[in-house]
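Here are a few exercises on how two protein chains meet. Have a look at the sequence and the structure, then work through each task before you read its solution.

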Number of protein chains: 2
Amino acid sequence: MAFAAKIYVSLKSTVSDPQGATVSGALSQLGFDSVKDVRVGKYITLHIDKSSQKEAESVVFNMCEQLLANTVIEEYSFELQEL
Amino acid sequence: MAFAAKIYVSLKSTVSDPQGATVSGALSQLGFDSVKDVRVGKYITLHIDKSSQKEAESVVFNMCEQLLANTVIEEYSFELQEL
């Protein structure tokens, strides 16, 4: 079975996000006031072939823990959809 | 009214994604076979104050068009949730 995974990685809320602050400043300069708490993370999509949804979930979890997210400073979530 | 926006920006499927290719190679080296089509994009979250959901949607749309996404090579989608 083939699955599409969408993985969202973002900095933990306690970690300073200079990229988010820069985007926030740029939005403000463009006239977008009323915007705050801008945080910039990663949005990773991939396809995976596994025999069950449970197995695919387990593999995506391991990929996040080992490579896709730095769990010291980042948190992540993901969604799986069967294709 | 305050809204939380989640914005997903990714390269168009016709555009080459070297970062995705690098992640794909790294996953493969770690033993994660059966993974393909890895694409890496941006996941932007922010809070916005507007008087209606429609107005907030319009503002987020404009932010994406003007700054958050490079619409020549990237596509985006977003979700709004009232806080």
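**Exercise 1. Find how many residue pairs are in polar contact across the interface of chain A and chain B.**

Step 1: a polar contact is a pair of N or O atoms within 3.5 Å; within protein, one must be able to donate a hydrogen and the other to accept it, and residues adjacent in sequence count only if both atoms are side-chain atoms. Step 2: with both residues at pLDDT 80 or more, that rule gives ten pairs between chain A and chain B. Step 3: salt bridges (a side-chain nitrogen of Lys or Arg within 4 Å of a carboxyl oxygen of Asp or Glu) number zero between these chains.

This is a predicted model, where local features need pLDDT of at least 70 and side-chain atom pairs count only at 80 or more, while totals for chains, interfaces and linings use all residues. Residues are numbered from 1 along each chain as its sequence is written, chains are lettered from A in the order written, and side-chain values use heavy atoms, leaving out hydrogens and water.

**Exercise 2. Work out which strand of chain B pairs with β2(A), and in which sense.**

Step 1: strands are DSSP runs of E, at least two residues, numbered from the N terminus. Step 2: two strands pair if DSSP finds at least two bridges between them. Step 3: β2(A) pairs with β2 (residues 35-49) of chain B, antiparallel, over eleven bridges. Step 4: zoom in, and you'll find H47(A) opposite K36(B) in β2(B).

Note on methods
Helices (H or I, at least four residues) and strands (E, at least two) are DSSP runs, numbered from the N terminus.
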